[in-house]
Amino acid sequence: MTVANTNPLEMLLRCSKAEGECILWTGTIRPSGHGVFKLRGRAIPAHRISYKLAYPELDLEKPKRLVVRHLCTNPACINPSHLTHGHQSENIQDMMEGRGQGRLSPKDIYHWKELRLRGWTVTDIAKLYKRDNSTVWHALHGNSWRHLFDPLPTYGRGKPYRNRPEA
Ligand SMILES: [Zn+2]
């Protein structure tokens, strides 16, 4: 196979398979679990290529090199909606905090909102973070963590729709 002539998108589609919500790289995998994409003799993380293709307007190298990290627990996943970008320090912090365990931080809540805006359901987010649906729902609707951001629209004064008096 002549790698030099390979279209990256074609290569991603050919070397991946869906597994649940994730799209797993089926090519070379590093000991860390991350997929490797070989392009013109260079080995590039597959999820990084996938993210670049999904967000072509984003410059991951300048002015400062950004890392592409996973929101899901599959390092081999190349689904762009399971990826986000940030700085190396955040990546290390993620590892130290251990997603899905311990206390929630404002960063987690921002992530939930980001995921929700990308079309994730409350259930999906709750599953990813191993939390109750209600914890996620209340955070996203501004009932908890109210100080962090403007809540998503609620019906009436934050009451569930079914409790509204008949008009
Ligand atoms: Zn994934």
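Which pattern does the protein follow, read along the sequence? Hi everyone, that is where I'd like to start. Read from the beginning, the order is α-β-β-β-β-α-β-β-α-α-α-α, which comes to 6 helices and 6 strands. Helices (H or I, at least four residues) and strands (E, at least two) are DSSP runs, numbered from the N terminus.

A quick word on the model. It is predicted, so local features need pLDDT of at least 70 and side-chain atom pairs count only at pLDDT 80 or more, while totals for chains, interfaces and linings use all residues. Residues are numbered from 1 along each chain as its sequence is written.

Of the 167 residues, 18% count as buried, meaning that 20 or more other C-beta atoms, placed from the backbone, lie within 10 Å of the residue's own.

Now to my favourite spot, helix α4, residues 106–117. α4 has 12 residues and reaches 17 Å from first C-alpha to last, close to the 16 Å expected at 1.5 Å a residue; that expectation is 1.5 Å times one less than the number of residues. Just after α4, Gly119 takes a positive phi of about 100°.

What does α4 pack with? Its partner is helix α6, residues 133–140, at an angle of about 85° and with the axes 10 Å apart. The two helices are therefore roughly perpendicular, a label for angles of 65 to 115 degrees. Ile109, Trp112, Lys113 and Arg116 in α4 meet Val136, Ala139 and Leu140 in α6, where contact means C-beta atoms within 7 Å. By class, that contact has 5 nonpolar, no polar and 2 charged residues.

Conventions
A residue is buried if 20 or more other C-beta atoms lie within 10 Å of its own, exposed if 12 or fewer, and partly exposed in between; C-beta atoms are placed from the backbone. Axes are lines fitted to C-alpha atoms, for helices over the stretch in contact, and angles run from 0 to 180 degrees between N-to-C directions. Angles under 35 degrees count as roughly parallel, over 145 as roughly antiparallel, 65 to 115 as roughly perpendicular and the rest as oblique. Two residues are in contact if their C-beta atoms, placed from the backbone, lie within 7 Å. Ala, Val, Leu, Ile, Met, Phe, Trp, Tyr, Cys and Pro count as nonpolar, Asp, Glu, Lys and Arg as charged, and the others, Gly among them, as polar.
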